[in-house]
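Here is a walk through one protein chain. Keep the model open and follow along from residue to residue.

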Amino acid sequence: MLPRIADSLSFLYLDIVRIHQDDTGVCAEITTEARGTETVYLPTAALSCVLLGPGTSITSRALTTLARHGTTVLVTGSGGVRCYAATLPDSLTTTWLERQTRIWADDTRRLQAAVTMYEMRFGSGTLPSGSTLQQLRGFEGQRVRAHYQLLAKQHRIGRFRRNYDPQSWDEQDPVNLALSAANTCLYGIVHSAIHALGCSPALGFIHNGNQQAFVYDIADLYKARLIIPLAFSLHASTNPEAEARRSFRDGLRLFKLLPRIVSDIQRILDPSGEYDTPDPDEELVDLWDPVAGAIPGGINHATDS
């Protein structure tokens with residue numbers, strides 16, 4: 001039995017390694033002048049996602065094993081800062097995808113889902129009743145700006161401005177570098193959980209027009225608690241990207257992020273709380289009927305006449 005996504009480890013970042021499959025499992029070969037070539041085996045069945053940085057090569061057999069175990073593989077830039085591509089592991093059910101699509105295609109239900117996510121971030125008691133989506137976006141901007149100002153004051157780093165510019169990466173301050181590095185790790189974990197549930201990362205309720213729209217929606221639920229304080233604590237770091245990844249991974253063990261992502265997505269897509277996810281061992285494909293809904297597949301529906 002493979003572990004459920006909620007029980008998986010968070011993420012693994014690799015660069016300047018060769019990943020391949022041997023008779024024992026998937027391993028990473030690391031070559032250094034001091035130690036020569038070392039082999040490290042990866043717990044593929046327990047990893048939610050793997051971030052492949054520059055200088056990494058991977059064989060098709062290893063990639064197939066990762067996909068079969070439901071591990072999302074992200075191809076990233078230096079330090080895991082920018083995502084260029086991702087694998088799409090197979091999911092055994094489309095139940096949650098169908099729920100997501102119905103809500104996304106209905107403007108009223110989509111607005112309700114967006115409001116639910118804002119309430120999850122800021123608390124239902126803090127949002128003005130009957131607020132429009134534009135007002136909620138403005139409220140979000142005020143809260144985030146105030147959070148930045150408070151942390152900047154606490155760490156005595158003067159005025160802070162969020163800046164993400166890959167073209168001038170080396171010119172950015174440590175806080176911005178740490179924010180970007182930790183955000184990418186968070187996006188990878190969320191991406192993996194979304195695929196494990198069979199949902200689409202492209203059908204967002206707040207974000208729109210990007211293949212990662214739903215990833216950004218869900219990731220925003222956790223940034224204020226997990227990412228922003230961590231980044232400001234690294235304002236004097238000489239290597240903020242690496243420290244942000246390590247500290248973020250350690251923090252996830254206490255926060256129990258993966259189970260929370262799964263339950264939060266289910267809460268957004270099924271406010272009633274029924275969560276009637278089918279048995280994961282059931283792989284038969286149902287047939288659609290406009291009257292009966294889903295009817296059993298894998299059988300002959302021809303009449304005897």
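**A buried threonine as the way in**

Start at T71, whose side chain reaches the backbone oxygen of L47 at 3.0 Å. This is a predicted model. T71 sits in the loop between α1 (60–68) and β7 (72–76). How accessible is T71? Its relative accessibility is 0%, so T71 counts as buried.

Stay in this part of the chain for a moment. A67 belongs to helix α1. At 30% relative accessibility, A67 is partly exposed, because that value lies between the 20% and 50% limits. A67 and A45 are 22 residues apart in sequence. In space, their C-alpha atoms are 9.8 Å apart.

Now step back to the whole chain. It holds 9 helices and 10 strands. Of its 305 residues, 42% are buried. The accessible surface comes to about 17,100 Å². Carbon and sulfur atoms account for 50% of that surface. Take next the contacts between residues at least 6 apart in sequence: 61% of them join residues at least 24 apart.

Turn to the nonpolar interior. The largest nonpolar core has 51 residues. Which of them touch the most other members? They are I189, I218, Y222, F248, L257, I261 and I265. Helix α5 (residues 174–196) gives the most to this core, with 11 residues.

F248 is a good residue to select on screen. Set aside its neighbours within four places in sequence, and F248 is in contact with F11, A182, C185, L186, I189, L226, I227 and L230. One of these partners, I189, is also among the core residues that touch the most other members. Another core lies apart from the largest one. This other core has 12 residues, including V17, L47, V50 and V73. L47 is a residue already met: its backbone oxygen is the one reached by the side chain of T71.

Cysteines come next. C185, one of the contacts of F248, has a relative accessibility of 0%. C185 therefore counts as buried. C27 is buried too, with a relative accessible area of 1%. How many disulfides does a search of the whole structure find? The search finds 0.

Charged pairs give another way through the fold. How many salt bridges are there? The count comes to 3.

Take R99 and D270. They form a salt bridge, with the closest N and O atoms 3.8 Å apart. This pair links distant parts of the chain, 171 residues apart. R99 lies in helix α2 (residues 95–105). D270 lies in the loop between α9 (257–269) and β9 (287–289). Are R99 and D270 buried or exposed? Both R99 and D270 are buried.

Go on to R121 and E140. Their side chains meet in a salt bridge, at 2.7 Å from N to O. This pair also links distant parts of the chain, with R121 in helix α3 (residues 107–122) and E140 in helix α4 (residues 133–155). The two residues are 19 apart in sequence. E140 has a relative accessible area of 17%. That value is under the 20% limit, so E140 is buried.

K223 and D220 make up another salt bridge, with the closest N and O atoms 3.3 Å apart. K223 is buried, and D220 is buried as well.

End with the backbone. Most residues other than glycine have a negative phi. Where does the chain show a positive value in a residue other than glycine? I16 is one case, with phi near 55°. I16 lies in the loop between β1 (9–14) and β2 (18–21). Its relative accessibility is 61%, over the 50% limit, so I16 counts as exposed.

R156 is another case, and its phi is also near 55°. R156 is found in the loop between α4 and α5. R156 is exposed, with a relative accessible area of 78%. The two helices beside this loop have come up before: α4 carries E140, and α5 gives the most to the largest core.

Technical notes: Residues are numbered from 1 along each chain as its sequence is written. This is a predicted model: local features need pLDDT of at least 70, side-chain atom pairs count only at pLDDT 80 or more; totals for chains, interfaces and linings use all residues. Side-chain values use heavy atoms; hydrogens and water are left out. Helices (H or I, at least four residues) and strands (E, at least two) are DSSP runs, numbered from the N terminus. Buried means under 20% relative accessible area, exposed over 50%, partly exposed in between (1.4 Å probe, protein chains only). Contact means heavy atoms within 4.5 Å. Accessible areas come from the Shrake-Rupley method with a 1.4 Å probe; for residues, only the protein chains shown count as cover. A nonpolar core is a set of buried Ala, Val, Leu, Ile, Met, Phe, Trp, Tyr and Cys residues joined through side-chain atoms within 4.5 Å. A salt bridge is a side-chain nitrogen of Lys or Arg within 4 Å of a carboxyl oxygen of Asp or Glu. A polar contact is a pair of N or O atoms within 3.5 Å; within protein, one must be able to donate a hydrogen and the other to accept it, and residues adjacent in sequence count only if both atoms are side-chain atoms. A disulfide is a pair of cysteine sulfur atoms within 2.5 Å.
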